[in-house]
Amino acid sequence: MNKITTISILSACILLVFITVTSCNKNPSNTTIATIITLPVVSAVTTTSAQLQTIVTNYGNGVLTADGVCYSTTNQSPSISDPHTSNGVDSLNFASTITGLSPNTTYYARSYATNSAGTAYGSVISFKTTTATFGITATVSTFAGNGTAGYVDGAATTAQFYNLQGICTDASGNVYVADSYNNVIRKITPLGVTSTFAGNGILGYVDGPGATAEFYNPQGLAIDASGNLYVSDIGDNIIRKVTSAGVVSTLAGRGISGYADGTGTSAVFNKPIGLAVDASGNVYVADKGNNVIRMITPAGVVSTLAGLSTTVSQIDGTGTAATFNSPTGIVVDATGNVYVADQGNNAVRKITSGGVVTTLLGTNFLKTTLGAPTGICVDKNANIYITDTNGRILEMSNNNVLYSLAGVSGSTGFTNGTNTNVKFNNPLAVAADKNGNIFVTDYYNNVIRKLTIAVQP
C-alpha cells in the first residue's frame, strides 16, 4: 500500500470519528425531560381568566418546543390532553393567562414544558374564579404628615416627616415609623398624634435614653409581644433595641459593614433593612448588602438562616443553597414561616423554620406582576401585603391569589381615593394593625397612608 493511500484511509477514519462524535452530541437521546416549577400564587383572577407563572429550572439539554398551562375542573392532575394554553416560547420564565373560564368555579392547573424527550409538568395548584359581584375596595387616606419634608410633632397632617422608611404597629394600635432623614423613631397614636419616641435628631451612634440616643438613617422596624422595638440602623450597620420606655441599646453588630455571624458586637451586617420578630423573640433581618437572611436570638446570637453572601441570583433550596438578590422586606407569620420581599428578583420568597426557601411569586424576568417589592407584612387572617416601588399596594390572600389594591404601576403622585385612583410616590414599608387597617410609608410624599379594605363577595 502506498503512502498516499495510507494517508487517505487515515484521513477518512478521522473524518468518520469526527462525524460519529458530532452526531452523538446532537443525538436527541441525550435530551431529558425538563424540570419546571409552577409558582403557587395566581394573579389576575377574574370571572373568566387567571394568570400563572412558571420557572424552568432545567431544559433537559434540549430546546423547549411548547410550554404553557393545562387546566381542568375535574381532572386534579391536568395534562396537555386537557384544555391548555400554548406560549410557544423557549424561555426560562413565562406567564400564561388562561381565558374562557366559568365564574365561581374551582380549577386545577399546572405548567407544562415540552422538549424532544417529552413533556414535563409542574406542581398542581387550584384556584377559584370570582363571582360576578366580587370586588375589593381599598380606600386610601393620609394618616399622618402634610407632605412637606421636615421635623414637626403634632396632630395628623400638622406633623412633618423626612423620607420615611420602616413601619410597625403595637397591640394598642400605635404606629411606629423610622423617620430616616431625621434620624429618629416616631410614634403615632390611633388618633394620629405624632411624637418622637427615640432619637435626638443628630446623626450618630449613641445608646441610652430615648431623648439622648442617636441613630444613623434608621430603616426597618419590628415590635415584639413585650413592646420592645427593634431598629435596623443601616448607617451604622447594627440592630438596635428600644424598650417600651424608650431606652436604646445595641442588640447585634459592631458598626462596620461586612459579613460575620456571632454574638452581639462580634456579628457584622451589610445594609440591614427589613426586620421581623417571631413569638419566641427571635429577630429576622433582611441583610440586603449581603443578600442573606439572618436570625438573632433574644441573647443576641446571630446566624444565617438562608442565602449565600457571595452569590446574587434566584435559586430555591435549603439554607446557603438558596440565593437572593437584595432582600429588603421581611415578615414572620404565626406558624414561624418567614416571607421575604426579594427586591432585586421582583419576587416574594418563603422560608420555613428549617430554612427551606421557595418562590411564591415573581422572577427577575416577569416584572409586570411584581416590580421591585420592598415592604411586606401579614395580617391576623394570614393575608400578606406587599409594597411595590412601581407605585402599588398588593395583597397576596391566604388562598394564594394576588390582588392589586391601590395605585397604578409606573404612576407617581399624591392622591387619596380608592383603588387605581390612588397615587403614591415610592411606597416602601407596610404594616397591618389588629383591626385590619394597612399603613404604608410613602417615601417621597413624606406621609403615612392608611388603607381600609372592604370585600364584596
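Modeller: A polar contact is a pair of N or O atoms within 3.5 Å. Keep that cut-off in hand for a threonine further on. This model is predicted.

Biologist: Where does Thr-328 sit, and which backbone oxygen does its side chain reach?

Modeller: Thr-328 lies in strand β25, residues 327-332. Its side chain reaches the backbone oxygen of Ser-326 at 3.0 Å. That passes as a polar contact because the cut-off is 3.5 Å.

Biologist: Is Thr-328 buried or exposed?

Modeller: Buried means under 20% relative accessible area. Thr-328 has 7%, so it counts as buried. Leaving out residues up to four places away in sequence, it touches Ile-273, Gly-274, Ala-286, Lys-288, Ala-341, Gln-343, Pro-373 and Thr-374.

Biologist: Step back to the whole chain. How many helices and strands does the protein have?

Modeller: There is one helix, and there are 36 strands. The C-alpha trace spans about 100 × 60 × 35 Å along its principal axes. Of the 457 residues, 53% count as buried. Now take contacts between residues at least 6 apart in sequence: 50% of them join residues at least 24 apart.

Biologist: How do I read a sheet? What is the strand order in the open sheet of five strands?

Modeller: Start with the general idea. Strands of a sheet pair through backbone hydrogen bonds, either parallel or antiparallel. Here the order is β19-β23-β22-β21-β20, with antiparallel pairing. The edges are β19 (262-263) and β20 (272-277). Each has a single partner strand, so one side of each is left without a neighbour in the sheet.

Biologist: How many bridges join β20 to β21?

Modeller: Four, and the two strands run antiparallel. Strand β21 covers residues 283-287. To check the register, find Pro-272: it stands opposite Asp-287 in β21.

Biologist: Now the faces of a strand. Which residues of β8 are on the covered face, and which on the uncovered one?

Modeller: Strand β8 runs from 125 to 128. Ile-125 and Phe-127 make up the covered face. Ser-126 and Lys-128 make up the uncovered face. Four bridges join β8 to strand β6, residues 106-115, and the pair is antiparallel. Thr-106 stands opposite Lys-128.

Biologist: What about aromatic pairs? How many does the structure hold?

Modeller: Seven. Rings pair if their centres lie within 6.5 Å, and planes over 60 degrees apart count as edge-to-face. Take Tyr-71 and Tyr-107: their ring centres are 6.4 Å apart and their planes are at 65 degrees, so the pair is edge-to-face. This pair links distant parts of the chain, with Tyr-71 in strand β4 (residues 66-72) and Tyr-107 in strand β6, 36 residues apart. Both tyrosines are buried. Together with Phe-127 they form one aromatic cluster. Phe-127 belongs to the covered face of β8.

Biologist: Which rings have a charged end over them?

Modeller: Two cases to look up. The charged end of Arg-110 sits over the ring of Tyr-121, 4.2 Å from its centre. The charged end of Arg-240 sits over the ring of Phe-215, 4.8 Å from its centre.

Biologist: On to cysteines. How many disulfides does a search of the whole structure find?

Modeller: Zero. A disulfide needs two cysteine sulfur atoms within 2.5 Å. For Cys-168, the closest cysteine sulfur is in Cys-377, 11 Å away, which is too far for a bond. Cys-168 counts as buried, at 7% relative accessibility. Cys-70 is buried as well, with a relative accessible area of 0%.

Biologist: Last topic: loops. Which asparagines have a positive phi?

Modeller: Two examples. Asn-217 has phi near 60 degrees, a positive value in a residue other than glycine. It is in the loop between β14 (193-198) and β15 (218-223). Asn-419 has a positive phi of about 50 degrees and is not a glycine either. Its loop runs between β33 (417-418) and β34 (427-432).

Biologist: Is Asn-419 buried or exposed?

Modeller: Buried, at 18% relative accessibility. Gln-160 also counts as buried, at 18%. That glutamine is in the loop between β10 (154-155) and β11 (164-169). Setting aside neighbours within four places in sequence, its contacts include Asn-146, Tyr-151, Asp-179 and Arg-186.

Key: Residues are numbered from 1 along each chain as its sequence is written. This is a predicted model: local features need pLDDT of at least 70, side-chain atom pairs count only at pLDDT 80 or more; totals for chains, interfaces and linings use all residues. Side-chain values use heavy atoms; hydrogens and water are left out. Buried means under 20% relative accessible area, exposed over 50%, partly exposed in between (1.4 Å probe, protein chains only). Two strands pair if DSSP finds at least two bridges between them. Rings of Phe, Tyr and Trp (its six-membered ring) pair if their centres lie within 6.5 Å; planes under 30 degrees apart count as stacked, over 60 as edge-to-face and the rest as tilted. A charge sits over a ring if NZ of Lys or CZ of Arg is within 6 Å of the ring centre and within 35 degrees of the ring normal. A polar contact is a pair of N or O atoms within 3.5 Å; within protein, one must be able to donate a hydrogen and the other to accept it, and residues adjacent in sequence count only if both atoms are side-chain atoms. Contact means heavy atoms within 4.5 Å.
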